[in-house]
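This report describes the strands, cores, pocket and backbone features of a single chain. The sequence and the structure come first.

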Amino acid sequence: MKLILQTAGSQEIRRLLAHAITHDIRTVRASAATLINQEDNLEECAIPVGSVEFVREAMRVTGISEPTPINYPSSLRSFLHREMQCLPKDRLPNGNWFLKPAGKTKLFDGFVNVFDDETDVGERSFRKEQREAFDRLPSTTPVFVSEIVNFVSEWRYYILKDKIVGAARYDDGDDDAPIPSEKTVKAMLSAYKKDDKTRPVAFGLDVGVLKSGETALVEVNDAWSLGLYQDMTDTAAYLEMLSRRWNQVMGNKPRAE
């Protein structure tokens, strides 16, 4: 195994570099701009690790088509507990909604398109930044339009070959907020197994607890664009997720024209 680690010193990169050193895993460092120099390593299935933009550039260098974002699989729609539809940007209904890109990962971060007296300065700045990114997109860009709900806690379950290999809470809510129902999380995984043709070998199942107490699906994220949260302590399992998914992308996805 060989890792191509982004030169930016994120927490994820530091942890994987330390793991690689202690487990005799070969590594090279690169920026998005210098990934072109790693084409031979990429063709030999070295694993690029870094930001979405970094891994997306690795796909471009190797001529691999970016996988379709997972977001909200049809088999898991019953776990949303909120109304949601996918519409072109220029057909958004009036009102207050949560907006998220539907066609490509990280065109902008999901945000609520409203400001009120309870919105703090940091959240206002975030929403303004995302709204500006949203406004720059073509009018036909597909967007998920969701009813606004209140998650009191949000967790990412790290899934490899349909098994949970780790979990981490990633919201900034109260420490005593409830955790998701284990029974419901397992029901989600069981339901998602029906998507044999589209389900990747590794992914993140983001699940939260609503103010009503219900456990609901936040979204599903592909392992290639996942990210290592601090409370996901099994670094080896995370690395195996990245390795297996990258090899799957390299081997099973059509080449870009």
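Two strands pair if DSSP finds at least two bridges between them. Helices (H or I, at least four residues) and strands (E, at least two) are DSSP runs, numbered from the N terminus. The model is predicted: local features need pLDDT of at least 70 and side-chain atom pairs count only at pLDDT 80 or more, while totals for chains, interfaces and linings use all residues. Residues are numbered from 1 along each chain as its sequence is written, and side-chain values use heavy atoms, with hydrogens and water left out.

## The four-stranded sheet

Four strands form an open sheet in the order E9-E8-E10-E11, and their pairing is antiparallel. At the edges lie strand E9 (163-169) and strand E11 (215-222), each of which pairs on one side only. On average, neighbouring strands of this sheet are turned by 25 degrees against each other, direction ignored. Axes here are lines fitted to C-alpha atoms, for helices over the stretch in contact, and angles run from 0 to 180 degrees between N-to-C directions.

Strand E10 (residues 202-210) is joined to E11 by seven bridges, the two running antiparallel. Gly-208 has Ala-216 in E11 as its bridge partner, and Val-207 stands opposite Leu-217 in E11. E8 and E10 also run antiparallel, joined by nine bridges; Arg-156 has Asp-206 in E10 as its bridge partner.

How many residues of E10 are buried? Buried means under 20% relative accessible area, exposed over 50%, and partly exposed in between (1.4 Å probe, protein chains only). Nine of the nine residues of E10 are buried, so the strand is largely enclosed by the rest of the structure. Both of its faces are covered, with Ala-202, Gly-204, Asp-206, Gly-208 and Leu-210 buried on one side and Phe-203, Leu-205, Val-207 and Val-209 on the other.

Helix H5 (residues 182-192) lies across strand E8 (151-160), E9, E10 and E11, and runs at about 140 degrees to E10. Contact means heavy atoms within 4.5 Å.

## Nonpolar cores

A nonpolar core is a set of buried Ala, Val, Leu, Ile, Met, Phe, Trp, Tyr and Cys residues joined through side-chain atoms within 4.5 Å. The largest such core has 38 residues, of which Leu-35, Tyr-238 and Trp-246 touch the most other members. Two or more residues each come from strand E1 (2-6), helix H1 (11-22), strand E3 (47-49), helix H3 (52-62), E8 and helix H6 (235-252). H6 gives the most, with eight residues. Apart from this core lies another, of 21 residues, among them Tyr-72, Ala-191, Leu-217 and Val-220.

Leaving aside residues up to four places away in sequence, Leu-35 touches Ile-4, Ala-30, Leu-42, Phe-54, Glu-57, Ala-58 and Val-61. Helix H3 is largely enclosed by the rest of the structure, because nine of its eleven residues are buried. The buried residues of H3 include Phe-54, Glu-57, Ala-58 and Val-61.

## The largest pocket

On a 1 Å grid over the protein atoms alone, a pocket is an open set of points with protein on both sides within 12 Å along at least five of seven lines, and lining residues have an atom within 4 Å of a point. The largest pocket holds about 1,800 Å³ of space, a volume being the space filled by probe spheres set on the points, which are joined across faces, edges and corners. Its lining has 50 residues, of which Phe-98, Gly-110, Phe-126, Glu-154 and Tyr-170 lie nearest the centre. At least two lining residues each come from H3, strand E5 (98-101), strand E6 (111-112), helix H4 (121-135), E8 and E11. E11 supplies the largest share, five residues.

## Positive phi and loops

Most residues other than glycine have a negative phi. The table lists residues with positive values.

| Residue | Phi | Place |
|---|---|---|
| Asp-24 | about 55 degrees | loop between H1 and strand E2 (26-30) |
| Lys-161 | near 50 degrees | loop between E8 and E9 |
| Gly-63 | about 75 degrees | just after H3 |
| Gly-213 | about 100 degrees | turn of the E10 and E11 hairpin |

Asp-24 is exposed, with a relative accessible area of 73%, whereas Lys-161 counts as partly exposed at 45%. The hairpin of E10 and E11 has four residues between the strands. Ser-212 lies in this loop between E10 and E11 and is exposed, at 56% relative accessible area. The C-alpha atoms of Ser-212 and Phe-144 are separated by 23 Å, the two residues being 68 apart along the chain.

Note on methods
1 Å grid on protein atoms, 1.4 Å probe; cavity = no way out; pocket = protein on both sides within 12 Å on 5 of 7 lines; lining within 4 Å.
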